[in-house]
Amino acid sequence: MKKVLLLVCFMAVIFSCHERNNIFDVGADDFVPPPHITQLILYRLYYDTQDSMLVGIRFLLPCTEAFERTLPITHRLYFSNTVMLVEHTEEVPSGTWAFYVEIFGPYEVGMYSLRHYFGGLPIGAGYFGVVPGPVGLTVEGVDEFEYCTWSGQDWVCTVYY
């Protein structure tokens, strides 16, 4: 009887196993991690056309290699390393070497960090400071700017490939 019960348990284990298909499962045969996102490049500043306030920043995110498959990447913007202002998850298509992230919101003077995650694990980050400028707020080292109409008070994040 014990042998029959042991055989039934063994068969149940064998037939109940199935192939892993969770993209976050590092033990799966087809697991592919995302490439590391290299240094964050502050690409362009956006100012409101009505009051010339800093309302948005465009970031260029180059990767160390192309994405081998389409993977979800989460972007989080923090103020002073403690307050998360916005979180956005986007499917990055395979073959992508670099992409843009635009974040609009009511910026104020202080230090910010834009962090990138795959399944809760960090794959890159960048830090920048918003400082007072001659006309209004600015980010040091960014020369390219554009005027746009933005009247929202909520933080908005978009990704472009």
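Here is a walk through this structure, from its overall layout to its sheet, its cysteines and its largest pocket. Keep in mind that you're looking at a predicted model.

Let's start with the chain as a whole. It holds 1 helix and 10 strands, and if you read along the sequence, the helix comes before the strands, in the pattern α-β-β-β-β-β-β-β-β-β-β. Of the 161 residues in the chain, 40% are buried.

Now pick out the sheet. Strands of a sheet pair through backbone hydrogen bonds, either parallel or antiparallel. Here you'll find an open sheet of 5 strands, ordered β4-β3-β6-β7-β8, and the pairing is antiparallel. At its edges sit β4 (83-92) and β8, each of which pairs on one side only. Going from one strand to the next, the twist averages 25°.

For a closer look at one pairing, go to β6 (residues 110-118) and β7 (residues 121-132). These two strands run antiparallel to each other, with 9 bridges between them. F118 is a handy place to find the pairing on screen, since L121 in β7 stands opposite F118.

What about the cysteines? Searching the whole structure turns up 0 disulfides. C63 has a relative accessible area of 8%, and because that is under 20%, C63 counts as buried. C157 is at 10% relative accessibility, so C157 is buried too.

Next, find T49, which lies in the loop between β1 and β2 (54-62). Is T49 buried, exposed or partly exposed? With 42% relative accessibility, T49 falls between the 20% and 50% cut-offs, so T49 counts as partly exposed. T49 also shows how the fold brings distant stretches of sequence together: T49 and W150 are 101 residues apart in sequence, yet their C-alpha atoms are 8.1 Å apart in space.

Finally, turn to the empty space. Rolling a probe the size of a water molecule over the atoms shows where empty space is left. The largest pocket holds about 200 Å³ of space. It is lined by 14 residues, and those closest to its centre are Y47, V135, G136, L137 and T138. Which strands supply at least two residues each of that lining? They are β1 (41-48), β8 (137-139) and β9 (145-148). So β8 turns up twice on this tour, as an edge strand of the sheet and as a contributor to the lining of the largest pocket. Sorted by class, that lining has 8 nonpolar, 4 polar and 2 charged residues.

Definitions and conventions
Residues numbered from 1 in each chain as written. Predicted model: local features only at pLDDT ≥ 70, side-chain atom pairs only at ≥ 80, totals over all residues. Heavy atoms only, no water. 1 Å grid on protein atoms, 1.4 Å probe; cavity = no way out; pocket = protein on both sides within 12 Å on 5 of 7 lines; lining within 4 Å. Points joined across faces, edges and corners; volume = space filled by probe spheres on them. Helix = DSSP H or I, 4+ residues; strand = E, 2+ residues; numbered from the N terminus. Nonpolar A, V, L, I, M, F, W, Y, C, P; charged D, E, K, R; others polar. Pairing = 2+ DSSP bridges. Axes fitted to C-alpha atoms, helices over the stretch in contact; angles between N-to-C directions. Disulfide = S-S within 2.5 Å. Buried < 20%, exposed > 50% of the residue type's maximum accessible area, 1.4 Å probe, protein only.
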